[in-house]
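Q: Please take a close look at one loop residue in this model and the part of the chain around it. Where does it sit, and what does it touch?

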Amino acid sequence: MPRKEHHVVPGSNGGWDVVKPGAQRVSVHTETKKEAIDQGRRISQNQGSEFIIHNKDGRISGSDSHGNDPFPPKG
């Protein structure tokens with residue numbers, strides 16, 4: 001079973017998108033990266049998915065696990 005993920009990526013026509021791999025449409029489109037992160041994080045928490053944030057160059061700048069973390073923190 002593929003892992004559930006949501007990504008914040010630069011929009012193809014400007015702005016920022018929250019996307020779920022394999023979906024035909026973006027989940028959310030915003031003007032700023034901060035808005036996309038805030039809305040994407042809420043979606044990810046509600047759906048228990050991995051949340052991955054990308055920079056404009058496509059590199060991953062951060063991530064959060066809201067589902068079954070394969071490497072949960074110890075302690």
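A: Along the sequence, the elements of the protein chain come in the order β-β-β-α-β-β, that is, one helix and five strands. The model is a predicted one. Of the 75 residues in the protein chain, 28% are buried. The chain exposes about 5,300 Å², and 48% of that area comes from carbon and sulfur atoms. Among contacts with a separation of 6 or more, 29% join residues 24 or more positions apart.

The loop residue in view is Ser-49, which lies between α1 (33–47) and β4 (50–54). Ser-49 counts as buried because its relative accessibility is 1%, and the cut-off for buried is under 20%. Setting aside neighbours within four places in sequence, the contacts of Ser-49 can be listed by residue number. They include Lys-4, Glu-5 and His-6. Ser-44 is also in contact with Ser-49, and the numbering of α1, 33–47, takes in position 44. The remaining partners are Asp-64, Ser-65, His-66 and Gly-67.

Asn-46 offers a contrast in exposure. This residue belongs to helix α1, the helix that precedes the loop of Ser-49. Asn-46 has a relative accessible area of 70%, so it is classed as exposed, the cut-off for that class being over 50%. His-66, one of the residues in contact with Ser-49, can also be placed relative to Asn-46: their C-alpha atoms are 8.3 Å apart, with the two positions 20 residues apart along the chain counted as their separation. In short, Ser-49 is buried, whereas Asn-46 is exposed.

Methods: Residues numbered from 1 in each chain as written. Predicted model: local features only at pLDDT ≥ 70, side-chain atom pairs only at ≥ 80, totals over all residues. Heavy atoms only, no water. Helix = DSSP H or I, 4+ residues; strand = E, 2+ residues; numbered from the N terminus. Buried < 20%, exposed > 50% of the residue type's maximum accessible area, 1.4 Å probe, protein only. Contact = heavy atoms within 4.5 Å. Areas by Shrake-Rupley, 256 points an atom, 1.4 Å probe, with all protein chains shown as cover.
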